[in-house]
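Here's a structure to explore at your own pace. Take a look at the sequence and the 3D view, then read on.

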Amino acid sequence: MKKIQFLSIAILSSFVIACGGKKDEGKKDEGFQVQRANSDDKKEVAANTNTVALAGNDQMLFDKNELRVEAGKPVTLTLRHTGVMQKISMGHNFVLLKQGTNVAEFAGAAASARDNDYIPADSDAVIAHTKMLGGGESDTITFDAPAPGTYDFICSFPGHYAVMRGTLVVE
Ligand SMILES: [Cu+2]
């Protein structure tokens, strides 16, 4: 009887130790990322570049409707599709439009440019754009920040621009 009790205690403690170990691993990972973000290399890059992150989800929403960048510096933008739905039904991209662009008109033209990832090939309204992404995918682009001012960005997947839109403020 005592032996069985001892065994179950031993099993229980090893389970607790295993769980504890897992938690520690998670903490270590977080610590590592924080360290990397604070490294001198990153600081130097951050000083010369605007780094912007944007996400789109399965609910057809961007996580931000305003992005702010400093003028005169390149912009490195990463768009991440945090959902699981496929590109064909819930595709997302980031399309930055020149000032004065009629967004509804542009989105209409984009909707019929399916063969070109919903970017109208004959349009000169696009400053920069990412690839069209499905769930779990991401794309990073770099472009020069346009002149100070406010610029519209949209997702050009058919029907998305009405809610998936925002402004990039260059200051
Ligand atoms: Cu979209």
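What follows is a short tour of the chain, its metal site, its cores and a few single residues.

First, some ground rules: this is a predicted model, where local features need pLDDT of at least 70, side-chain atom pairs count only at pLDDT 80 or more, and totals for chains, interfaces and linings use all residues. Residues are numbered from 1 along each chain as its sequence is written, and side-chain values use heavy atoms, with hydrogens and water left out.

**The overall layout**

The protein chain has 4 helices and 8 strands, where helices (H or I, at least four residues) and strands (E, at least two) are DSSP runs numbered from the N terminus. Read from the N terminus, the order is α-α-β-β-β-α-β-α-β-β-β-β. Of the 171 residues, 34% are buried; buried means under 20% relative accessible area, exposed over 50%, and partly exposed in between (1.4 Å probe, protein chains only). Take the contacts (heavy atoms within 4.5 Å) with a separation of 6 or more: 72% of them join residues 24 or more positions apart.

**The copper site**

Which residues hold the copper ion? They are Gly91 (O), His92 (ND1), Cys155 (SG) and His160 (ND1), at 2.1 to 2.7 Å. Donors here are N, O and S atoms within 2.8 Å of the metal (3.2 Å for Na, K and Ca), and water is not among the atoms, so sites may look incomplete. The angles among the 4 donor atoms run from 74 to 130 degrees, and the site is irregular. That label follows from the cut-offs: four donors count as tetrahedral if all angles lie between 85 and 135 degrees; four count as square planar and six as octahedral if opposite donors are over 155 degrees apart and all others between 65 and 115; anything else is irregular.

Along the sequence, the donor residues are spaced G-H-x62-C-x4-H. Histidine 92 sits in the loop between helix 3 and strand 4, and cysteine 155 in the loop between strand 7 and strand 8, so this pair ties together parts that are 63 residues apart in sequence.

**The nonpolar cores**

In soluble globular proteins, nonpolar side chains tend to be buried together. A nonpolar core is a set of buried Ala, Val, Leu, Ile, Met, Phe, Trp, Tyr and Cys residues joined through side-chain atoms within 4.5 Å. The largest one here has 24 residues, and Leu67, Leu77, Phe94 and Phe143 have the most contacts inside it. Its largest share, 3 residues, comes from strand 3. Apart from it lies another core, of 9 residues, including Leu97, Phe106, Ala107 and Ile154.

**Buried or exposed?**

Here are a few residues side by side.

| Residue | Relative accessible area | Status |
|---|---|---|
| Asparagine 93 | 0% | buried |
| Histidine 92 | 1% | buried |
| Cysteine 155 | 0% | buried |
| Asparagine 50 | 9% | buried |
| Aspartate 122 | 75% | exposed |

Where does the side chain of asparagine 93 reach? It gets to the backbone nitrogen of serine 156, at 2.7 Å. Asparagine 50, in strand 1, has a side chain that reaches the backbone nitrogen of glutamate 70 at 2.8 Å. Aspartate 122, meanwhile, lies in the loop between helix 4 (103-111) and strand 5 (126-129).

Methods
A polar contact is a pair of N or O atoms within 3.5 Å; within protein, one must be able to donate a hydrogen and the other to accept it, and residues adjacent in sequence count only if both atoms are side-chain atoms.
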